[in-house]
Amino acid sequence: MAVHGLATRSPALPRVLGRGDPADPRTPSRCRGWRVTVGYHILGDVVILQPQGDLDLKLAEELRRAGENLLGRGGRHSLVLDMRRVDFIDSSGLSAILGRYRRVLELQGRMAVSGATPRVASLLELAGVTGIIPLHASLAGALAAVKERVEGGRGTSREHTPT
Amino acid sequence: MGGEPRENILRLEFLNLPANIGVARNAIGTFAVQIPFTLDEVDEIRLAVSEAVTNAVVHAYPGDRGWVRVTAWFADGALELTVDDDGCGIPDLAAARAATYTTDPERMGLGFSFMDSFMDQVEVRPGPSGRGTRVLMRKRPTRKDGETASDGDGPA
């Protein structure tokens with residue numbers, strides 16, 4: 001299982017945002033240098049993106065760029081969006097999330113969101129996002145759900161109830 | 001709404017850069033707490049400001065730099081604010097106000113829906129100079145018991 005951007009930490013519970021390798025073209029541009037605003041981890045087929053800050057137009061553009069750089073390459077088709085470090089989201093952030101969801105669907109992968117704060121979760125619900133992308137309290141739970149679905153058959157509509 | 005500012009006033013002017021959306025949102029959120037909004041209401045104001053400023057940043061000056069102005073003030077116990085640009089304007093204001101209207105497939109078109117949902121009043125007009133767009137929004141605190149905090153009489 002390859003882990004890029006985070007070499008030594010537990011893959012299930014990364015604590016710090018991955019920085020990526022500036023020389024690696026797969027590294028999202030904003031991950032280069034110390035101004036990390038969208039961290040990432042790669043666990044086999046699954047990309048974990050960890051936006052940090054207010055998910056408005058600025059961070060949404062970086063999230064989109066990170067998704068474009070990392071999804072669909074090297075067989076990576078599924079996405080977990082770890083939202084624990086996002087305190088605010090607006091329609092630009094919602095659009096970025098749904099844009100990544102569309103990309104994951106194209107790749108016949110799975111997507112889940114973890115760690116959304118109550119305010120962020122309420123806006124996701126208001127916008128109808130939770131009806132199509134499941135929310136999980138923990139990153140581990142979201143990862144388990146995405147990986148089980150993937151292992152259960154890509155592109156199938158098999159239901160999974162998170163534990 | 002939109003009359004002469006009273007009580008207090010904040011005016012921001014900045015370039016149409018995405019980084020400035022958060023600056024405007026946070027400044028207005030900080031300004032708003034001078035009257036007894038709840039934290040949830042302040043979050044709603046911040047969201048509405050974010051949407052209005054984002055519209056100006058994204059749409060007002062296609063491929064170009066331009067100024068965005070946000071002015072906030074208190075009037076009759078409510079927060080009122082305008083978001084102005086001198087850009088290309090909105091050709092069809094009625095269509096733009098419709099839910100999920102968007103000119104960009106990467107966007108959801110929820111901006112005006114959120115503004116309408118979270119502010120008491122939202123108006124969209126051509127800019128006062130005849131160019132660009134003006135968004136006016138108004139919101140009154142629902143909490144009554146803290147109203148005297150803004151006029152110096154202390155809690156009720």
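User: How much surface does chain A expose, and what share of that comes from carbon and sulfur atoms?

Analyst: Chain A exposes about 7200 Å², and carbon and sulfur atoms supply 50% of that. Areas here come from the Shrake-Rupley method with a 1.4 Å probe. Keep in mind that this is a predicted model, where local features need pLDDT of at least 70, side-chain atom pairs count only at pLDDT 80 or more, and totals for chains, interfaces and linings use all residues. Also, residues are numbered from 1 along each chain as written, chains are lettered from A and ligands numbered from 1 in the order written, and side-chain values use heavy atoms, leaving out hydrogens and water.

User: And what does the accessible surface of chain B come to?

Analyst: About 7400 Å² for chain B, with 52% belonging to carbon and sulfur atoms.

User: What fraction of each chain is buried?

Analyst: In chain A, 50% of the 163 residues are buried (under 20% relative accessible area). For chain B, the share is 48% of 156 residues.

User: Switching topic: which helices and strands does chain A have, and in what pattern?

Analyst: Chain A has four helices and seven strands, counted as DSSP runs of at least four residues for helices (H or I) and at least two for strands (E). Along the sequence they go β-β-β-α-β-β-α-β-α-β-α.

User: How about chain B?

Analyst: Chain B has four helices and five strands, running β-α-α-β-β-α-α-β-β from the N terminus.

User: What order do the strands take in the open sheet of chain A?

Analyst: Five strands of chain A line up as β1-β2-β4-β6-β7, with mixed pairing. Two strands pair if DSSP finds at least two bridges between them. At the edges sit β1 (38–43) and β7 (135–136) of chain A, each pairing on one side only.

User: How many bridges join β1(A) to β2 of chain A?

Analyst: Six, and the two strands run antiparallel, with β2 covering residues 46–51. In that pair, Y40(A) stands opposite L49(A).

User: How many cavities are there of 30 Å³ or more?

Analyst: One. A cavity is a set of points on a 1 Å grid where a 1.4 Å probe fits but cannot get out. Its volume, the space filled by probe spheres set on the points, is about 70 Å³.

User: Which residues line the largest cavity?

Analyst: D87(A), F88(A), I89(A), R119(A), V120(A), L123(A), D43(B) and L47(B) do, lining residues being those with an atom within 4 Å of a point.

User: Which elements supply at least two of those residues?

Analyst: β5 (86–89) and α3 (118–126) of chain A, plus α2 (39–60) of chain B.

How values were computed
On a 1 Å grid over the protein atoms alone, a cavity is a set of points where a 1.4 Å probe fits but cannot get out, and a pocket is an open set with protein on both sides within 12 Å along at least five of seven lines; lining residues have an atom within 4 Å of a point. Buried means under 20% relative accessible area, exposed over 50%, partly exposed in between (1.4 Å probe, protein chains only).
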